[in-house]
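Visitor: I'd love a close look at a single part of this protein. Could you pick one strand and walk me through its surroundings?

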Amino acid sequence: MDRSPGDRPSPVDQPYVPSDPHDQPPTAHAKLDQSSGNQPAGPGAAGEALAVLTSFGRRLLVLVPVYLAGAIGLSVGFVLFGLALYLGWRRVREEKERSLRVARQLLDDEERLTTKTLYMSHRELPAWVSFPDVEKAEWLNKIVAQVWPFLGQYMEKLLAETVAPAVRGSNPHLQTFTFTRVELGEKHSSLQPLRIVGVRVHPAQRKEQILLDLNISYVGDVQIDVEVKKYFCKAGVKGMQLQGVLRVILEPLIGNLPIVGAVSMFFIRRPTLDINWTGMTNLLDIPGLSSLSDTMIMDSIAAFLVLPNRLLVPLVPDLQDVAQLRSPLPRGIIRIHLLAARGLSSKDKYVKGLIEGKSDPYALVRVGTQTFCSRVIDEELNPQWGETYEVMVHEVPGQEVEVEVFDKDPDKDDFLGRMKLDVGKVLQAGVMDEWFPLQSGQGQVHLRLEWLSLLPDAEKLEQVLQWNRGVSSHPEPPSAAILVVYLDRAQDLPLKKGNKEPNPMVQLSIQDVTQESKAVYNTNCPVWEAAFRFFLQDPRSQELDVQLLYLDSSEVRFPAVPSTPGAWDLDDESPQTGSSVDAPPRPSHTTPDSNFGTENVLRIHVLEAQDLIAKDRFLGGLVKGKSDPYVKLKLGGRSFRSRVVREDLNPRWNEVFEVIVTSIPGQELEVEVFDKDLDKDDFLGRCKVSLTTVLNNGFLDEWLTLEDVPSGRLHLCLERLTPRPTAAELEEVLQVNSLIQTQKSAELAAALLSVYLERAEDLPLRKGTKPPSPYATIAVGDTSHKTKTVSQTSAPVWDESASFLIRKPNSESLELQVQGEGTGALGSLSLPLSELLVADRLCLDHWFTLSNGPGQVLLRAQLRILVSQHSGVEAYSHSSSSLSEEPELWGGLPHITSSAPELRQRLTHSDSPLEATAGPLGQVKLTVWYYSEERKLISIVHSCRALRQNGRDPPDPYVSLLLLPDKNRGTKRKSSQKKRTPNPEFDERFEWELPLDEALRRKLDVSVKSSSSFMSRERELLGKVQLDLTEIDLSQGAAQWYDLMDDKDKGSS
């Protein structure tokens, strides 16, 4: 029923009525007087007498302390002191009671006033209230109220059949996740949970569509309970509030019933979502979920409801252009230049607020689900960012550019203000360059906004690329085009082993940007119906890489583009366990998948950093110190950590790390810098490096700007080592590794070993009759890999592979242990890697007999030499000109200061068949050169040969080096001792820190000695050589053999 404005005064015009008992309705007073006049008299007289006696007793008790004080003989002061304490306590208690009465009175007044004035809280706006562009639709609310129970049935089905499988597959700890209760609020039939507050109809952008904006408000007692049975955890939602603008698009309009072909629904902007969780503390205790928080969960839910996500409901069969309706092209691109801010408020306080500091501002730029975070500017109220972001705009009008400014703090960031701007204004203006005031705070933010239209052809591509070359953009270069990929479905995908249904998903990558589809569970005909959008800097040189993956396997089943005919076919020769009743014939070779042995090795040089921020504080922060920085690296599930450099804002680490990587696109090296402290290490910045460039080009040498900090940059050098199946270059690789080896890093790898363990046969039975439950452990040095356990069989099939970094292929070995679960060892195998060095293509693939048992294993061991393409090491069949064509790459390696031909000269001077034979005392092989960047003289002792021996036993040699003319302990160096060999291999590096001019005035005295006896400190001199450094070209540093000379003097080491 409609009301006219004169029927009832507006609640806003009603005066404020103070709280007073006399303001109650007359009926209340009448009832009170009537009840008070009929009280009986008898019981009241007895009560009054009892009250008088109680009062007299209390006063009598007050005199008891006075009497006791007089009886004991205490001073009157004690009585007065006790009386003062009592009076003070009584006064405090009366004040507290008075405050509680006042607070209760104010609460009653607020409730009474709210009941009288805010009548809209139950009925929202009356139907006759309207706005120029928003209309009421009470008839629509009535329809929603009737449909609501059936919508609850649909939601229950959606959660159980779609959401629950997705949650179970997202985390291995949630495989027992289930919904136990789903109710959308039906306890109070008089209340309507979902209301449509207003409807706005926009002018159609096209004749075939109708645009509606629904202002919805949901305040309901929804109850959704979930359970994770594995961890006996129950949680859920009890009550939820949701307010936002839901856009409904009716398109296409057709000439047949039902006139509308489909309905699309989505939230234009991020809605306001408030959820009352129950049992959330228990849920977050589950492993794998401890890093989540209530805020992160609500952010994820809210982000799922907004653009570019859409809900499409087709109303007619065989609707054309469903993909275009579900994921239309963006309307345009907005290039946002976040330039600066001014007049920000100060939030930092020191000495408990007595000293006011400044702020450390950063900005969050958001358009829909697209969010960007600027860098932090320390201690600045007028920051200059100068950063550029690009966002896709899907709906105009409706979407907004939102900028929020915060003050970075160690605990919780302080809010400094926000601004919002409708993208329609940017579309109308084309370019906006203004200072925008911050709401809910003080200050202004300077933005330059550019609207970029999308063209369907490439006629102006060259012009756009030319224009972008002159645009300064940070942190990403400007884009010239966008790519939209619509992933619809797949059919007849291969089943997993055992004819199990797969969980397929698709991964799309362009350079270092990777996006993944959702996983569709338990089907080989998945339907995705999802769109992926990429920014392209240069469409002519960028490629789209598509990988089809099974969620529970890291194996990439399909390449992006088949390189040969039939590349899309799977390997039909792979054994399928249990696929046939008859036992298959015994294979003679292994059948690994196509990805076996395709790994690369990434060598990471952490060189130095500059302009790090100072985190050490003294005297409560009044005195600023420096920092004690170190670097953390994360890649491929492995992490590395550099040493700590004390009190240095420009540290030099000069360390090398190696990790095995695959060719899966989208991988990133995560780098973080910290300041070492006694309690908690301080954050000094982070950066990410895409491996796409390194894996494609083989080399990357860059200064990387640290993010989330005001200053600092890090110098990294990344190199892909190319594995080669030939041992011809092994000696050269070992020599180069000794040259670039640093004292602060582990020994560098010279080869990569890939092992594929397929199966075993004839393993010994348990207790004579029962088959064991075997598993295998593959180990090289300190690195090991354990296979799965196959239950109760003497012929297990593992089908597992592992890779190992090999530092000394000539002396290391592969150790294999086969053990039974609870039964002990079943057999072992020791394979020296020297056997692989003489095998064809460095590979052995056959059955190996286990020692300590009758069993056999089918195993493939493949060794590949790691050749550096950027350190001068290459096969002799290659020409040296190919190396000299890229001189700029040589400056990136820290320990190679000479050019490529010079380093090649050092390596080709090594021993060859044409060299002269050793002298009577033998020879020592040395490399001596000067590293000018670190001002160090470096000597590498490689080996000795044909050393003399006195008596029957061979010597126990070691090498002693001394810089003459000094003979003190500071210039003396000594190698390790080798036992009983006249041809020892050392490959040890020694350094002396001194300037080049001083090094040229020195002589290097090299002595080869041997222990005389076990009980004596006397050492036998086997021979010596003295090198005059003025006669050696220290920039060349060739590895050469030197004849040992005799010396009659004998000394002790």
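Guide: Strand β27, residues 629–635, is joined to strand β28 (residues 638–641) by four bridges, and the two run antiparallel. Keep in mind as we go that this is a predicted model. Between β27 and β28 the chain makes a hairpin with two residues between the strands, and there Gly636 takes a positive phi near 60 degrees. A good residue to follow is Leu633, whose bridge partner in β28 is Phe640.

Strand β27 also pairs with β30, residues 668–675: six bridges join them, again in an antiparallel arrangement. Leu633 turns up here as well, standing opposite Val671 in β30. So Leu633 has a partner in β28, namely Phe640, and another in β30, namely Val671. As for cover, β27 is mostly out of reach of the probe, with five of its seven residues buried; buried here stands for under 20% relative accessible area. While you look along the strand, it helps to remember that side chains in a regular strand alternate between the two faces of the sheet.

For contrast, try turning to helix α2, which spans residues 42–72 and gives five residues to a nonpolar surface patch, the most of any contributor. That patch covers about 780 Å² and is made by Leu61, Val64, Tyr67, Leu68, Ile72, Leu74 and Phe78. Leu61, which lies in helix α2, is exposed because its relative accessible area is 59%, and the cut-off for exposed is over 50%.

Key
Residues are numbered from 1 along each chain as its sequence is written. This is a predicted model: local features need pLDDT of at least 70, side-chain atom pairs count only at pLDDT 80 or more; totals for chains, interfaces and linings use all residues. Side-chain values use heavy atoms; hydrogens and water are left out. Patches are made of residues with over 30% relative accessible area and no salt bridge: like charges are joined within 9 Å, nonpolar side chains (Val, Leu, Ile, Met, Phe, Trp, Tyr) within 5 Å. Accessible areas come from the Shrake-Rupley method with a 1.4 Å probe; for residues, only the protein chains shown count as cover. A salt bridge is a side-chain nitrogen of Lys or Arg within 4 Å of a carboxyl oxygen of Asp or Glu. Buried means under 20% relative accessible area, exposed over 50%, partly exposed in between (1.4 Å probe, protein chains only). Two strands pair if DSSP finds at least two bridges between them.
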